[in-house]
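Student: I'd like to zoom in on one part of this protein and see how it sits among its neighbours. Could you walk me through it slowly?

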Amino acid sequence: MSKKLIESKVTKLCRTRPCMIITTLHENGIINAGTFGAYTNVGPQEIAIAIGKSSHTYQNIKRTGEFVINIPHIENADTLEICAIKTPPTESELDHAGMTTEPATKINTPLIKECVANVECHYWKELDVGSHMLVIAKVICGHLEEQYLDIDGSIDVIKAQVPFGIRYPYPVYATLSNVTKV
Ligand SMILES: Cc1cc2nc3c(=O)[nH]c(=O)nc-3n(C[C@H](O)[C@H](O)[C@H](O)COP(=O)(O)O)c2cc1C
């Protein structure tokens, strides 16, 4: 079968990662939460995320030097949509989504309690990639619901039913199934 030539928004063909919610602190102490899918691990302690320069997330990370990556369960897919809506700094997206928080261990930014995993991060460096900044962070420590710990020490994304963003905008979220063990 012939393949269609795609020449616009080509990176949509490489959409292979679960979605995450990044929490940061506004200057007034209110928690900001944004949805992100353009990221990859670039080392054992390093993660790179493409973050819109005009986003609250980027501005808060630059001011505080820290943030938390929160990995939701598919049951909280609606939260991903709520956290993608620009909300004034006087309100928290998490209140709109009915999510609650708990303190982090090593930084000031709180974790989302209902998420299956949370990773505390320190800003390290960035690369200007146009409308977005590729923010590279050092991970400080993580929290994972024990039942979702895989034998290689990673999160079992199948068991934890983490949502992958299949379409944006016009959202569709899905979990992995049909596993092949070789
Ligand atoms: C599934 C999904 C994935 C997204 N991935 C990204 C991303 O990787 N980078 C980005 O800058 N925005 C991404 N967005 C858009 C942001 O969530 C949106 O701009 C949001 O308003 C940012 O929140 P903030 O201004 O509170 O930081 C994504 C949205 C959705 C729904």
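Student: Which residues are buried in helix 1?

Tutor: Quick ground rules before we dive in. This is a predicted model, where local features need pLDDT of at least 70 and side-chain atom pairs count only at pLDDT 80 or more, while totals for chains, interfaces and linings use all residues. Residues are numbered from 1 along each chain as its sequence is written.

Okay, your helix. In helix 1, the buried residues are His 56, Thr 57, Tyr 58, Asn 60 and Ile 61. Buried here says that 20 or more other C-beta atoms lie within 10 Å of the residue's own, with C-beta atoms placed from the backbone (12 or fewer would be exposed, and in between is partly exposed). Helices (H or I, at least four residues) and strands (E, at least two) are DSSP runs, numbered from the N terminus. Helix 1 covers 56-64, and it is followed by Gly 65, whose phi is positive, near 75 degrees.

What do those buried residues pack against? Their partners are strand 1 (20-25), strand 2, strand 4, strand 5, strand 8 (117-128) and strand 9 (132-144). Contact is counted when two C-beta atoms, placed from the backbone, lie within 7 Å.

Now for the sheet. Seven strands form an open sheet in the order 2-1-5-8-9-4-3, with antiparallel pairing; two strands pair if DSSP finds at least two bridges between them. Strand 2 and strand 3 (39-41) are at the edges with a single partner strand each, so one side of each has no neighbour in the sheet. On average, neighbouring strands of this sheet are turned by 30 degrees against each other, direction ignored. Helix 1 packs on the sheet, and its direction makes about 50 degrees with that of strand 1. Such axes are lines fitted to C-alpha atoms, for helices over the stretch in contact, and angles run from 0 to 180 degrees between N-to-C directions.

Zoom in on one contact: Ile 22 touches Thr 57, and also Gly 34, Phe 36, Phe 67, Val 68 and Ile 69, leaving out residues up to four places away in sequence.

Finally, the ligand. Of the 19 residues around it, Gly 34, Ala 38, Ser 55, Thr 57 and Gly 165 come nearest, where being around it takes a C-beta atom, placed from the backbone, within 6 Å. Strand 2 (31-36), strand 4 (46-52) and helix 1 each give two or more residues to this shell, and strand 2 gives the most, with four. So Thr 57 turns up again: it is buried in helix 1.
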